[in-house]
Amino acid sequence: MRGIEAHDSYGEQPDPEDHNGRAGPHKDTPPPENGPGGPSGPEPPEPSTSRAPDEPPHIPMPRSSVEDTGLPLPEPAPAPLFLEHRVLKALLGAWALAACSPEEAAAVEDHLGTCGACADEALRLRDAVGLLHPPESLDLDPTLRTRVLESCLDRRPPRIPVPEWATPYDAETARLDALLQDIGDAEWHAPVRLRWFEGDEQTSRRTTVAGVIAHLLTVDGLVALTLGLDDPLEAPAETPTPAARTEAFWTTSHFPPTRSVRAPWREQAHNLVRTVAFAGGGSGRLPVSYGAFELPLRDSMLDRAFETWIHAGDIAEAVDYPYEPPSPRHLHAMIDLGARMLPTALAARRQAGLAAPGQTRHLVPAGTPGRSLRLEIEGVGGGEWLIPLDSPAALPSPDHEVAHIALDGVEFCQLAAGHVPPEEAAAGQLGDREAIRDVLFAAASLSRM
């Protein structure tokens, strides 16, 4: 029967030429009227009870159940978690640390796609986790402490705020203290060379890491004395200058300074910041004597911040420690202090006969516009300053501008610290060459031990 033949060809592809969609060897034979595919419909095939031994079965055997095979059953797909918003928000910290279960992580990530507030918080937490596991444990972002403090103070303002002019000193002492905390006992005796300018010559003094901290301790003591705090110097110095006080401390010590000097230095720094905070912003006008000159307290705190950063860089270079410049805002304040001190330094060099000859004929009365130099500081913390050349009391005037200097901010600070010779300062220069030389050497003369 044709129905049996069609059934025997199970799995065989229909012949493309058979328009009735049936497979079989007799593709050219028309179907009978009442046969399969005829108008009367298909008739059920009669079962066959005989087949050849090597012939495949006409009907496939039923599949065996996986339960009967002894194989492990497949794991069912986990049902998604449906958690409340407060629960998902509480899981953000664990998610940022990759401490959630897969189900919890999937629920949190689905939620982050629909909740902007939680997505912002998750991004901040992920950034914080990156700071907890930096690739270089010693190479921290120099603005990290400032940003953390600003974030904390935005949430809870301090009862007794630190004056703005004292925050650079607070930040730089904290950064240096973090450096000192990371170094070993042997590195406290690593050689360090302090460098500064005297006249037109660069000079230096050899000491150790501990000796540098002792130097900062004694010079910061000048500010402590102004605020009525204890003087760290046990024996009085011959003159109240930073260099004389430092030499007196080194000389009177029974042994070379060791890491034990860190504790009194840090305690004094804390006391200075705490005292100016309690004293309020009006204390910024108190004069601090450096022996040969005076600075108001607000400028003296900037000066101490500047020297702390410079000597921290000296220490970092000695112990091969990565160290970055201050934050742009603090760096700008330090550059501004140096620019404001340049006219006085120029006058002192002129009185000492170190300024270019013939400049005295340009002296002008106080309050009168005179020759000016434009100091352009590039990079972060930069800006422009007009420096009066003829007298500290003269008025700087763009109409009397005779020269223009362009310097990178960090390089200007290194010049003012005596670390870069004026002749080697990579400065863009335009105008009066003698005026430019005078200003560069006056910037170097701001340095001291």
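This text walks through some charged side-chain pairs and one helix contact in a predicted model.

We begin with the pairing of charges. Side chains of opposite charge can pair when their charged atoms come close. In this predicted model there are 22 salt bridges, and a few of them are worth following one at a time, with an eye on where each partner sits.

One of them joins the side chains of Glu121 and Arg124, with 2.7 Å from N to O. Both residues belong to helix H5, which spans residues 116-132, and because they are three residues apart there, about one helical turn separates them. Glu121 has a relative accessibility of 29% and therefore counts as partly exposed.

Another salt bridge links Asp200 with Arg349, whose closest N and O atoms are 3.0 Å apart. Here the partners come from separate parts of the chain: Asp200 is in the loop between strand E1 (191-198) and strand E2 (201-208), while Arg349 is in helix H12 (residues 328-351), so the pair ties together parts that are 149 residues apart in sequence. How do the two partners stand with regard to the surface, buried or partly exposed? Asp200, at 28% relative accessibility, counts as partly exposed, whereas Arg349 is buried, because its relative accessible area is 4% and buried means under 20%.

Strand E2 appears again in the salt bridge between Glu247 and Arg205, where the distance from N to O is 2.9 Å. Glu247 is part of helix H9 (residues 242-252) and Arg205 is part of strand E2, so this pair ties together parts that are 42 residues apart in sequence. Both ends count as partly exposed, with a relative accessibility of 28% for Glu247 and 29% for Arg205. Elsewhere, salt bridges that share partners connect Asp220, Asp303, Arg304, Glu307 and Arg448 in one network.

We now turn to a contact between helices. Two packed helices are described by the angle between their axes and the distance between the axes. The axes of H12, the helix that holds Arg349, and of helix H13 (residues 409-416) come within 10 Å and cross at roughly 50 degrees, which means that H12 is oblique to H13. Their crossing is left-handed.

Which residues of H12 and H13 meet? On the H12 side they are Leu331, Ile335, Gly338 and Ala339, and on the H13 side they are Gly409, Val410, Phe412 and Cys413. Of the residues in this contact of H12 with H13, six are nonpolar and two are polar, and no charged residue is among them.

Notes. Residues are numbered from 1 along each chain as its sequence is written. This is a predicted model: local features need pLDDT of at least 70, side-chain atom pairs count only at pLDDT 80 or more; totals for chains, interfaces and linings use all residues. Side-chain values use heavy atoms; hydrogens and water are left out. A salt bridge is a side-chain nitrogen of Lys or Arg within 4 Å of a carboxyl oxygen of Asp or Glu. Helices (H or I, at least four residues) and strands (E, at least two) are DSSP runs, numbered from the N terminus. Buried means under 20% relative accessible area, exposed over 50%, partly exposed in between (1.4 Å probe, protein chains only). Axes are lines fitted to C-alpha atoms, for helices over the stretch in contact, and angles run from 0 to 180 degrees between N-to-C directions. Angles under 35 degrees count as roughly parallel, over 145 as roughly antiparallel, 65 to 115 as roughly perpendicular and the rest as oblique. A crossing is left-handed if the near helix is turned anticlockwise from the far one by less than a right angle, and right-handed if clockwise. Contact means heavy atoms within 4.5 Å. Ala, Val, Leu, Ile, Met, Phe, Trp, Tyr, Cys and Pro count as nonpolar, Asp, Glu, Lys and Arg as charged, and the others, Gly among them, as polar.
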